[in-house]
Amino acid sequence: MGWTTQASTSVEVEIETLAGTLHGTQMIPASDVPGPAVLIIAGSGPTDRNGDSSLAGTNHSLKLLAEGLADHGMASIRYDKRGIGASAAAGPEEADLRFDAYVEDAALWIQHMQADSRFSSVTVIGHSEGSLIGMLATQATGADALVSIAGPAQPASQLLRDQLRPSLPEALWQENEQILAALEQGKRVASISPELNALYRPSIQPYLMSWFRYIPTQEIARLTVPVLIVQGTTDSQVPAREAQALKSAKQDAELRIIEGMNHVLKTVSLDPQQQKASYSDPSLPVAPELVEGICQFIHSSETRHGASQPL
């Protein structure tokens with residue numbers, strides 16, 4: 001499909017929650033008729049609206065995605081999660097944070113967009129942990145479609161097992177397993193070895209328990225709207241089998257595997273040095289196939305639902 005670059009405006013937007021104000025960026029392509037819009041949900045940890053992280057670096061992955069979509073006529077909102085970036089003041093004490101709060105925040109943004117007459121549809125785009133948040137928020141709001149990018153299929157506790165098993169000595173692995181098993185059952189763990197305390201400190205345990213109870217394959221199967229599952233082949237954090245498992249759970253979903261795309265949406269080889277460098281290189285563009293694939297999916301979804309779809 002041929003695309004033409006469209007002029008767009010970028011403005012700061014905010015919504016009020018019981019915890020405080022959430023801040024985001026809205027991009028609106030110039031148009032005289034309503035057009036499709038997306039809500040972009042960032043991944044885990046201290047990741048801001050642009051896809052940048054104080055831990056991983058500045059790569060502008062989500063900012064570049066929003067700009068690419070705007071060039072193709074897609075409006076968007078991307079936002080700082082509570083406790084992050086400009087939304088830092090809305091973050092509770094760590095012991096009071098729950099995964100469901102992120103879902104509730106995403107739902108508020110979706111409802112904000114659904115009330116905007118400039119938008120003909122609202123598609124939720126969730127990256128990494130944002131994929132599960134997007135699934136749950138879509139269920140809650142009746143958003144028009146979901147795009148999962150690098151979304152895990154397994155519950156977060158199993159992902160932790162997979163990531164930690166190669167690096168932990170046997171004694172710590174056994175303790176790790178006991179901790180995870182307890183948290184999966186909603187039971188707090190009082191005694192934790194210093195080597196594991198950063199992961200399972202008492203103040204983070206309530207959040208982990210609230211997160212572990214969700215199984216992405218079950219949640220994606222509950223969706224009745226069009227779903228696009230996207231996964232890169234050089235993603236060193238989420239393997240392609242996760243996307244395949246999501247597709248198996250939601251068989252009418254569209255699956256798009258993008259050759260050479262890594263976890264921060266850049267076209268990079270599996271070479272560890274190139275991977276590391278891409279996480280802090282905002283000059284690297286996002287994979288063009290990602291932008292075009294999302295646009296094609298949203299326009300086809302609007303066609304199926306009879307919404308207006310200016311190109």
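This report walks through some helices, aromatic rings and single residues of one protein chain.

The model is predicted, so a local feature needs a pLDDT of at least 70 and a side-chain atom pair counts only at pLDDT 80 or more, while totals for chains, interfaces and linings use all residues. Residues are numbered from 1 along each chain as its sequence is written, and side-chain values use heavy atoms, with hydrogens and water left out.

**Helix α7 and its surroundings**

Let's start with α7. Helices (H or I, at least four residues) and strands (E, at least two) are DSSP runs, numbered from the N terminus. How many of the residues of α7 are buried? The count is 8 of its 8 residues, so to speak a mostly covered helix, where buried means under 20% relative accessible area, exposed over 50% and partly exposed in between (1.4 Å probe, protein chains only). Those buried residues are Gln 205, Pro 206, Tyr 207, Leu 208, Met 209, Ser 210, Trp 211 and Phe 212. The cover over them includes α2, α3, α4, α5 and α6.

Take α2 as a partner. It packs with α7 at an angle of about 65°, and the two axes are 7 Å apart. Axes here are lines fitted to C-alpha atoms, for helices over the stretch in contact, and angles run from 0 to 180 degrees between N-to-C directions. Which residues of α2 meet α7? They are Phe 99, Asp 100 and Tyr 102, and on the α7 side they meet Tyr 207, Ser 210 and Trp 211; contact means heavy atoms within 4.5 Å. Sorted by class, this contact has 4 nonpolar, 1 polar and 1 charged residues. For that sorting, Ala, Val, Leu, Ile, Met, Phe, Trp, Tyr, Cys and Pro count as nonpolar, Asp, Glu, Lys and Arg as charged, and the others, Gly among them, as polar.

**Rings that pair up**

Rings of Phe, Tyr and Trp (its six-membered ring) pair if their centres lie within 6.5 Å; planes under 30 degrees apart count as stacked, over 60 as edge-to-face and the rest as tilted. By this rule there are 7 aromatic pairs. Here are two of them.

| Pair | Ring centres | Planes | Type |
|---|---|---|---|
| Phe 99 and Tyr 214 | 5.8 Å apart | 45° | tilted |
| Tyr 102 and Tyr 207 | 6.0 Å apart | 75° | edge-to-face |

The Phe 99 and Tyr 214 pair links distant parts of the chain: Phe 99 is in helix α2 (residues 99-114), Tyr 214 is in the loop between α7 and α8 (216-221), and they are 115 residues apart. Both Phe 99 and Tyr 214 are buried. Tyr 102 is in α2 and Tyr 207 is in α7, so their pair ties together parts that are 105 residues apart in sequence. Tyr 102 counts as buried at 10% relative accessibility, and Tyr 207 does too at 7%.

Zooming out, Phe 99, Tyr 102, Tyr 207, Trp 211, Phe 212 and Tyr 214 form one aromatic cluster. Tyr 102 also has Lys 81 over its face, at 5.3 Å from the ring centre. (A charge sits over a ring if NZ of Lys or CZ of Arg is within 6 Å of the ring centre and within 35 degrees of the ring normal.)

**Helix α5**

Next up is α5, which runs over residues 170-184. Its 15 residues reach 21 Å from first C-alpha to last, close to the expected 21 Å; the expected span is 1.5 Å times one less than the number of residues. Its buried residues include Leu 172, Trp 173, Ile 179 and Leu 183. What do the buried residues of α5 pack against? They pack against α4 (156-164), α6 (194-200) and α7 (205-212). Just after α5, Gly 186 takes a positive phi of about 75°.

**Two buried strand residues**

Ile 77 is in strand β4 (residues 75-79) and is buried, with a relative accessible area of 0%. Its C-alpha is 5.0 Å from that of Leu 39, though the two are 38 residues apart in sequence. Not counting residues up to four places away in sequence, Ile 77 touches several others, including Val 13, Thr 25, Trp 109 and Met 113.

His 127 is in strand β5 (residues 119-127), and it is buried at 8% relative accessible area. Leaving aside neighbours within four places in sequence, its contacts include Ile 41, Leu 62, Ile 149 and His 263.

**Positive phi angles**

Most residues other than glycine have a negative phi. His 60 is not a glycine, yet has a positive phi of about 60°; His 60 is in the loop between β3 (35-41) and α1 (61-71). Ser 128 also has a positive phi, near 60°. Ser 128 lies in the loop between β5 and α3 (129-141) and counts as buried at 11% relative accessibility.
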